[in-house]
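Trainee: I am new to this structure and would like a close look at a single part of it. Please take one residue and work outward from there.

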Amino acid sequence: MAFVLWIVTAPAINAVLTFCAEKIVFVLDTYDITKAIDSAGKNIILRYAPSPDGKPLILNYRNLTFNTVFLLALIMAVPSVPPRTRFKIILLGMCLLFPVQICRLVVIVFNHYGQHIQMAGKDLYPVVLRKGLYQAERLFARLDGQLVPVVIWSGLYFYYVWYHKYFRKRVGIATH
């Protein structure tokens, strides 16, 4: 179910993701390298000025947004949650997950610049920044696909279901 929903909504989410990331990259790009970040079906196309061979960087959006499927599956798998509460958890979970996806795309773009672009025979960024961007991209790749959805899901599930259902009743706080 979550996979089918993601397949249907992914092109629209990809368009919004690239739009937001493009605005952030344009603000942070002090060298004015970025020409455009476009959504093209299942790909994200990064056009930048001193690209080798004049070819843009093409990223598959599935690597950036597949954590959406995992988060939806986790939320849908929990039994006996009222539909209204489940909808709240899904909506808030997507709102928390989307900025993580934007940050990951921005880090991928600047890591690509740091690894592949030289201006006037010198590297674009200092070594420390290039290594930091590389490590940030690796960290996002490892944590974003599995750990981030689990953390978001467990936090939201704890708050909406366990906290409201059990803790507030035991302590004597009235629920609304």
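Mentor: Ile-33 sits in the loop between α1 and β1 (34-40); helices (H or I, at least four residues) and strands (E, at least two) are DSSP runs, numbered from the N terminus. The model is a predicted one, in which local features need pLDDT of at least 70 and side-chain atom pairs count only at pLDDT 80 or more, while totals for chains, interfaces and linings use all residues. Residues are numbered from 1 along each chain as its sequence is written, and side-chain values use heavy atoms, with hydrogens and water left out.

Ile-33 counts as buried because its relative accessibility is 1%. Buried means under 20% relative accessible area, exposed over 50%, and partly exposed in between (1.4 Å probe, protein chains only). Leaving aside residues up to four places away in sequence, Ile-33 touches Arg-47, Tyr-48, Ala-49, Pro-50, Tyr-113, Ile-117 and Leu-124, where contact means heavy atoms within 4.5 Å. The C-alpha atoms of Ile-33 and Phe-158 are separated by 44 Å, the two residues being 125 apart along the chain.

One of these neighbours, Tyr-113, can be followed further. With residues up to four places away in sequence again not counted, Tyr-113 touches Asp-29, Ile-33, Thr-34, Leu-46, Tyr-48, Leu-124 and Tyr-125. Tyr-113 also belongs to the largest nonpolar core, which has 29 residues; Ile-44, Leu-105 and Tyr-113 touch the most other members. A nonpolar core is a set of buried Ala, Val, Leu, Ile, Met, Phe, Trp, Tyr and Cys residues joined through side-chain atoms within 4.5 Å. Two or more residues of this core come from each of α1 (2-28), β2 (43-48), β3 (57-60), α2 (61-65), α3 (67-77) and α4 (83-116). The largest share, eight residues, is given by α4. Another core lies apart from this one and has eleven residues, including Val-78, Val-81, Leu-97 and Ile-152.

Now the whole chain. The protein has six helices and five strands, in the order α-β-β-β-α-α-α-β-β-α-α along the sequence. Of its 176 residues, 38% count as buried. Among contacts with a separation of 6 or more, 59% are between residues 24 or more positions apart. The C-alpha trace spans about 70 × 35 × 25 Å along its principal axes.
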